[in-house]
Structure formats: C-alpha cells, structure tokens
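Please open the model in a viewer and keep the selection tool at hand. The tour proceeds by selections, each followed by a description of what is found there.

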Amino acid sequence: MKFTETNVKKIKPPAAKADHWEPDDKTPGFGIRFRNGGAGIYGIRYGIGGRDRRLAFQPVSKVKLADARAWARRQFVEIGEGVDPAVERAKAAVQNGVHIPDLVDAFVEEMSRNGRSQDYIERTKQYLNGTERSPYFRPLHKIPLAQIDRATVGEHIECIVKENGKIAASRGRAALSVFFGWAIAEAKYGVEYNPVENTKKYQSRKRDHFLEPEEIVAVWNACGDDDYGDIVRLLILTAARRDQIGQLDRKTELKLDQSDVPVLDRLISLPARVGRSKNKERFLIPLSKQAIAILQKRKAREGSDFVFGEGAGGFSGWSKCKTALDERLGDKVRPWVLHDLRRTFDRLGQDVCKIPPHIADALLNHVGVARSGVRGHYNFAEYLDDKREAMQKWGDYVVSLIRDKGAGSVPNTRPTHDQRPGTDH
C-alpha cells in the first residue's frame, strides 16, 4: 500500500496477529508496526552485518507522514555508510542515563489517560518501584533501560518467586512487560525490544472456589459498618468486580434518582472503557432493593465524586481490610478472595434462583454463549428487564439467607413517601 496522510490513520492490523508490519510501497523498508493490538508506530526494517533489524520512530497519531518518511531516509543513509542507527540510539540512551525511575511518572500518566483503575496503577507502581516489604524490580533501577536484558529480568522474576510467590511474580512480570511495551512505543528511550518476552511465566492456579450459603452469611455478618463493609456487601449483591464498586463514581455511574429515561434508573452504568467494563462495552448493573438501600445511605463526599474512599480518590487499602475481615471470620469461611463472590453468584444464582445462563453471563459482564461466535455479530441485547428481575431475585435470596441462618444486619428496603426507591420529591 502506498501511504498517504489520510489512509495511514485508517490502517488496522489483522485481528489474529500480535505483531504486524504494514509496508509503504513508496519508501522501501519503511512502514507501520502494530503490536498486541496497540497503536501503529512508524519504523524501518533493514539488514546490517548479516542481521535483520527494526527501528521504531513515533506513533502514527503524533507525527506527519512526510516527517516520518524524511526520518526513514536519514536512517537509510546512515545504514548505507555502515552505521547501525539502533546501536547509536541505544548508546545515546545509555549516555543519557535513562532508568526505570525516570519514566514511571510518565508511564503512570499514560495509564491514567487509558482509563486504568487507580488500584491497578498503584499495584503496577509497587512492582516497578519496590516497597518496604519487597524490592520487586527495584534492583533494575541501577541499570540503564536500554541495557536491561532478558537474562537479568528472568533472574529477578525468580527472586520474586522465592520472596513473594508465583502469583506476585506473574503479576510483576506483566507490569514490567507493559512498561517496556510503552517505552518501546514512545520510541525515544533507546529500547528496541521487550526483555520480558520469553521469560518464564508462572501461571496462577485456576480458581474454582465459591462460597456456600452459610459462608455468605458469615461474610455478610462479619462486615463492618464502614466503606469496606458496604463494598463487600454490594459485591455480594451485584456480583460486580471489586474496582467497579470501589471506584464507583456517584456523578457519572450511579443512577438512583428519577430521570427522563426511567428504564436507566436504579442501576450502575459503567462506561465502555478499560478498568470499568471488562469487555469494553457499556455495562449496566440493575440494583436490587437491598443494594439501593446500602447506596442510599452513602453521603456525598466533599471534594470527590467517588462513592467510597478518602480524599479525592476512590477506595484503596484492599489488602489491609481483607486481612482484618478474615481475622473476624476465623474458620467460618474457607480461604477465599473477593472475586469468588462472582463465582458464588454464578452458581447459586442459576441453581437456586433459576436465573437463565445467558442472563447470569450478562450480569457478570461475560460474553457468554448467547453472544459468542456468529451470534456475537448480531446480538447486542442488554436484557435489562431480565437482568433487573434476576438481581432482585438474588437480593431477596441473600437477605433470606441472613434472616434464616444468622442475625445479621439486613438493609431496610422499604421505600419512603410511597415512592419507589431512589426517587425524590
């Protein structure tokens, strides 16, 4: 394809290819590279000293095609004189002393712009910077970015396995890989390949754990009357992911009051972006009377639109609060994580409340059988009425468990002033 200023903005890589090169017919060796579904980056492919090399320039969205072609021609002049521009760039990066700590803030800003949750960002920073409890990848700070190689990364991943376990190693590896992918895309730090690629992966054990009814009651009753307690109870009632509740925005995502579109009242409406909706489509979570009762008692926070948390941000401190909850539970519940509540809803919601599988999938924000394969190209139904009915069945079931099996606090679900929940005069 002959590139033009217009068509380069429209070029897309094949869906099945993780690494795609689109050449420019006008300038041999010059083209656009797409990696792992990311944005296109101008670059060149060339051979020197018997080796095939690639050199990235800038993202297509940031520079003009004419400037990118001019850059490519300059590189090919150097190559013709026996100079490897990739080597020269790496040397310059080493001389400039670019290290991981120098770039973390810029990387964090990019993650924020891309809609990553604050909790995800904080965990990523911990792996890159290290913490008081573990250095994670802090030892790499002494090495210029362009000199960090696969063997060094692999060695430090092994250290994380020994000190923190395989799950931490797996997550830390992923964080470092995303960081290097970003540094490569920026095309100005001398990083030409991702040293995390082809290092050993540590797969965490596939979880199949769910809570039994009496365990749901124990967790509900052990929840404190604070932010975390309300969040956990809402996770039980909504089957949402923890950040979808912990980072809930009162102003843009919580729809409790009567509006011009009544069908969109009494629900959580999450935007189609990373960190809020797993499948990157708008996700509507209808709220049961029990969930509404919990949310209605939450007062607006001064200086923040988030329902939960302190200061300007959303909720944080997950690990500390979960540890305290587990201490209160003692041996009443087998080892569990918050995500198990989603699996619990999927099992008991279908077995006990008789929620149809495709509605359970929709409530879990899963694609499911009803929207997979060919049907996925046609089926864009949100099943809102069916989801609302299912959520109320589930809320009633949870409350019945608490009343039958324990003397826990049950939300007051009676509407005031003879109105439906969530409306005001």
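The stops below begin with the whole chain and then turn to single helices and residues.

**The whole chain**

Begin with the entire protein in a cartoon view, bearing in mind that this is a predicted model. The secondary structure comes to 14 helices and seven strands. Of the 425 residues in the protein, 47% are buried. Among contacts between residues at least 6 apart in sequence, 60% join residues at least 24 apart.

**Helix α7 and its partner**

Next, select helix α7, residues 213-222. This helix is mostly covered, since eight of its 10 residues count as buried under the cut-off of 20% relative accessible area. The buried residues of α7 are Pro213, Glu215, Ile216, Val217, Ala218, Val219, Trp220 and Ala222.

Add helix α11, residues 318-329, to the selection. The axes of α7 and α11 come within 9 Å and cross at roughly 115°, and the crossing is right-handed. On the α7 side the contact is made by Ala218, Val219 and Ala222, and on the α11 side by Leu325, Arg328 and Leu329. By class, this contact of α7 with α11 has five nonpolar residues, no polar residues and one charged residue.

**Val219 and the largest core**

Keep Val219 and show its side chain. Which residues touch the most other members of the largest nonpolar core? They are Val219 and Trp336, in a core of 55 residues. Not counting residues up to four places away in sequence, Val219 touches Leu211, Val232, Ile236, Leu325, Leu329, Val333 and Trp336. A second, separate core has 33 residues, including Tyr136, Phe137, Leu176 and Tyr202. In soluble globular proteins, nonpolar side chains tend to be buried together.

**Asp230 in helix α8**

Select helix α8, residues 227-238, and locate Asp230 within it. Is Asp230 buried or exposed? Its relative accessibility is 2%, so Asp230 counts as buried. The side chain of Asp230 makes a polar contact of 3.0 Å with the side chain of Arg298. Beyond the residues up to four places away in sequence, Asp230 touches Gly224, Ile294, Lys297, Arg298 and Phe308.

Ile294, one of the residues touched by Asp230, leads to helix α10, residues 289-296. Six of the eight residues of α10 are buried, and the helix is mostly covered. Those six are Gln290, Ala291, Ile292, Ala293, Ile294 and Leu295.

**Thr152 in helix α5**

Move to helix α5, residues 150-164, and select Thr152. Thr152 has a relative accessibility of 19% and therefore counts as buried, the cut-off being under 20%. A polar contact of 2.6 Å joins the side chains of Thr152 and Asp149. Leaving aside neighbours within four places in sequence, Thr152 is in contact with Leu140 and Ile143. Select Pro195 as well: 43 residues separate Thr152 and Pro195 along the chain, and their C-alpha atoms are separated by 8.5 Å.

**Two loop residues with positive phi**

Finish in the loops. Select Lys354, in the loop between α12 (340-351) and α13 (357-363). Phi of Lys354 is near 60°, a positive value in a residue other than glycine. Lys354 is exposed, with a relative accessible area of 59%.

The last selection is Asn365, in the loop between α13 and α14 (384-405). Phi of Asn365 is near 65°, again positive in a residue other than glycine. Asn365 is buried, with a relative accessible area of 6%.

How values were computed: Residues are numbered from 1 along each chain as its sequence is written. This is a predicted model: local features need pLDDT of at least 70, side-chain atom pairs count only at pLDDT 80 or more; totals for chains, interfaces and linings use all residues. Side-chain values use heavy atoms; hydrogens and water are left out. A nonpolar core is a set of buried Ala, Val, Leu, Ile, Met, Phe, Trp, Tyr and Cys residues joined through side-chain atoms within 4.5 Å. Buried means under 20% relative accessible area, exposed over 50%, partly exposed in between (1.4 Å probe, protein chains only). Contact means heavy atoms within 4.5 Å. Helices (H or I, at least four residues) and strands (E, at least two) are DSSP runs, numbered from the N terminus. A polar contact is a pair of N or O atoms within 3.5 Å; within protein, one must be able to donate a hydrogen and the other to accept it, and residues adjacent in sequence count only if both atoms are side-chain atoms. Axes are lines fitted to C-alpha atoms, for helices over the stretch in contact, and angles run from 0 to 180 degrees between N-to-C directions. A crossing is left-handed if the near helix is turned anticlockwise from the far one by less than a right angle, and right-handed if clockwise. Ala, Val, Leu, Ile, Met, Phe, Trp, Tyr, Cys and Pro count as nonpolar, Asp, Glu, Lys and Arg as charged, and the others, Gly among them, as polar.
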